[in-house]
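Let's take a walk through a protein model together. Keep the picture open while you read, and try to find each spot as it comes up.

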Amino acid sequence: MVNLALSWHEAGISAACLAVAAVAAGRSRRPALVTAAGVARETAVVLALFGLWQMAGTFVLMGPEGAVDRGEWIWRAERAVHLPSETAVQLAFLPHPLIVQALNLYYAGLHFVVVIGCLIWVYVWHRRQYPRVRTTLVLFTAAALLVQFIPVAPPRMLPGDGMIDTAVRYGQSVYGSVAGFNADQLSAMPSVHVGWALLAALVIIEVSRSRWRWVALAYPLLTMLAVVVTANHYWLDGIAAALLLALALVVQRISRSLYERWRARRADQPGDVRAPVLSPASTSSARWQAAWRPGRTSRSAGTSVAQRSMASGQRG
């Protein structure tokens with residue numbers, strides 16, 4: 001259903017080529033090439049993230065045989081803390097096939113479109129905030145993909161929870177080999193969909209000055225609903241994604257604070273205040289001025305003494 005033609009190998013090669021092209025263009029003095037270098041560099045970052053997303057579906061640190069057990073543990077933990085049943089939420093939507101199919105499409109591809117659109121918007125119209133947004137996206141995605149190396153079965157794969165795979169029911173499944181995209185079915189924890197949606201909403205709220213910017217909070221809420229109704233994630237998957245995003249923001253803020261303190265401390269050190277390097281001509285001029293100024297002072301003092309003597313003789 002989703003035509004994502006790039007494999008993780010192709011995404012990685014494309015990112016590397018764009019990075020090399022960005023470096024070459026950045027050394028040019030032509031404004032157009034410098035601008036193109038910035039666009040190529042940021043596109044390479046997005047492609048690299050996409051390649052990591054693809055690669056995470058092909059490698060696991062633990063065997064898949066424990067994935068169902070870990071999914072069932074999450075299910076029991078949710079019941080222990082009295083979170084709403086995902087089964088009950090899905091049953092409320094199943095009588096409405098058009099809504100369910102729309103949520104299947106929502107889950108399949110909207111998260112890529114929105115996060116890329118958000119990056120483009122910030123890069124073009126709010127360039128000063130872009131490095132921080134991009135760094136947060138990279139930190140969160142890398143942390144989420146590291147966690148996903150531990151396989152966890154999604155709710156649709158648990159035998160006793162009563163949930164169904166809505167994408168399979170309506171022929172909209174993204175799993176399996178579709179145009180070179182092999183999605184990992186055992187990467188339920190955490191939900192990158194929810195993390196990216198929450199990041200996009202926070203960026204809009206912080207960067208935009210529109211009074212309607214708070215409506216963006218509906219996007220992560222709708223994403224959370226979509227991943228649950230389609231039986232792709234648990235509630236705790238979204239909660240874990242939000243915590244990882246918060247951790248990425250905290251790490252970035254602490255790192256920036258430590259760097260600013262290091263710069264301030266380095267600037268306060270006397271050894272960092274270096275004397276200017278003078279050329280031979282400047283050195284000769286300085287020496288001449290140093291030799292000339294005392295003589296000038298002596299002559300000025302002698303003139304003052306002579307003037308006082310003449311004034312004294314006149315008074316006598």
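A cavity is a set of grid points inside the protein where a 1.4 Å probe fits but cannot get out. Rolling a probe the size of a water molecule over the atoms shows where empty space is left. With that in hand, here is a first result: the structure holds 3 cavities of 30 Å³ or more. We'll come back to one of them below.

**How far to trust the picture**

What you see is a predicted model. Its mean pLDDT is 80, and 76% of the residues reach 70 or more. Two stretches deserve some caution. Residues 177–183 have a pLDDT below 50, and this stretch makes 20 contacts in the model beyond its near neighbours in sequence. Residues 273–306 also have a pLDDT below 50, with 2 contacts in the model beyond near neighbours in sequence. Where pLDDT is low, the predicted coordinates should not be read in detail.

**The overall build**

Now zoom out. The protein has 11 helices and 2 strands. Starting at the N terminus, the order is α-α-α-α-α-α-α-β-β-α-α-α-α, so if you trace the chain you can tick the elements off as you go. Of the 316 residues, 36% are buried. Take the contacts between residues at least 6 apart in sequence: 82% of them join residues at least 24 apart. As for the outside, the accessible surface comes to about 18,600 Å², and carbon and sulfur atoms account for 66% of that.

**The largest pocket**

Which residues lie nearest the centre of the largest pocket? They are Arg132, Thr136, Glu206, Leu249 and Arg253, out of a lining of 14 residues. Three elements give two or more residues to that lining: α6 (130–148), α8 (192–207) and α10 (235–268). The pocket has a volume of about 260 Å³. Sorted by class, its lining holds 7 nonpolar, 3 polar and 4 charged residues.

Stay in α10 for a moment, as glutamine 252 is found in that helix. Is glutamine 252 buried or exposed? Its relative accessibility is 10%, and buried means under 20%, so glutamine 252 counts as buried. Leaving out residues up to four places away in sequence, glutamine 252 touches Arg132, Thr135, Thr136 and Leu139. Two of those names, Arg132 and Thr136, are also on the list of residues nearest the centre of the pocket.

**A cavity on the inside**

The second largest cavity has a volume of about 50 Å³. Its lining is made of Asn104, Tyr107, Ala108, Ala167, Gln172, Ser173, Val174, Tyr175 and Asn232. Helix α5 (residues 97–125) gives the most to this lining, with 3 residues. By class, the lining has 5 nonpolar, 4 polar and no charged residues.

Helix α5 is also home to glutamine 101. Beyond its neighbours within four places in sequence, glutamine 101 is in contact with Tyr170 and Gln172, and Gln172 is one of the residues lining the second largest cavity. Glutamine 101 and threonine 166 are 65 residues apart in sequence, yet their C-alpha atoms are 7.8 Å apart in space. With a relative accessibility of 26%, glutamine 101 counts as partly exposed, because it falls between the cut-offs of 20% and 50%.

Here are three of the residues you can look up, side by side:

| Residue | Relative accessibility | Class |
|---|---|---|
| Glutamine 101 | 26% | partly exposed |
| Glutamine 252 | 10% | buried |
| Alanine 231 | 0% | buried |

**Some backbone oddities**

Alanine 231 sits in the loop between α9 (218–229) and α10. Its phi is near 65 degrees, a positive value in a residue other than glycine. Histidine 82 has a positive phi as well, about 65 degrees, although it is not a glycine. You'll find histidine 82 in the loop between α3 (67–80) and α4 (86–93). Histidine 82 is exposed, with a relative accessible area of 70%, whereas alanine 231 is buried at 0%.

Where is there a cis peptide bond? Look from methionine 189 to proline 190, where omega is near -10 degrees. Proline 190 belongs to the loop between β2 (181–182) and α8.

Notes: Residues numbered from 1 in each chain as written. Predicted model: local features only at pLDDT ≥ 70, side-chain atom pairs only at ≥ 80, totals over all residues. Heavy atoms only, no water. pLDDT = per-residue confidence, 0-100. Contact = heavy atoms within 4.5 Å. Helix = DSSP H or I, 4+ residues; strand = E, 2+ residues; numbered from the N terminus. Buried < 20%, exposed > 50% of the residue type's maximum accessible area, 1.4 Å probe, protein only. Areas by Shrake-Rupley, 256 points an atom, 1.4 Å probe, with all protein chains shown as cover. 1 Å grid on protein atoms, 1.4 Å probe; cavity = no way out; pocket = protein on both sides within 12 Å on 5 of 7 lines; lining within 4 Å. Points joined across faces, edges and corners; volume = space filled by probe spheres on them. Nonpolar A, V, L, I, M, F, W, Y, C, P; charged D, E, K, R; others polar.
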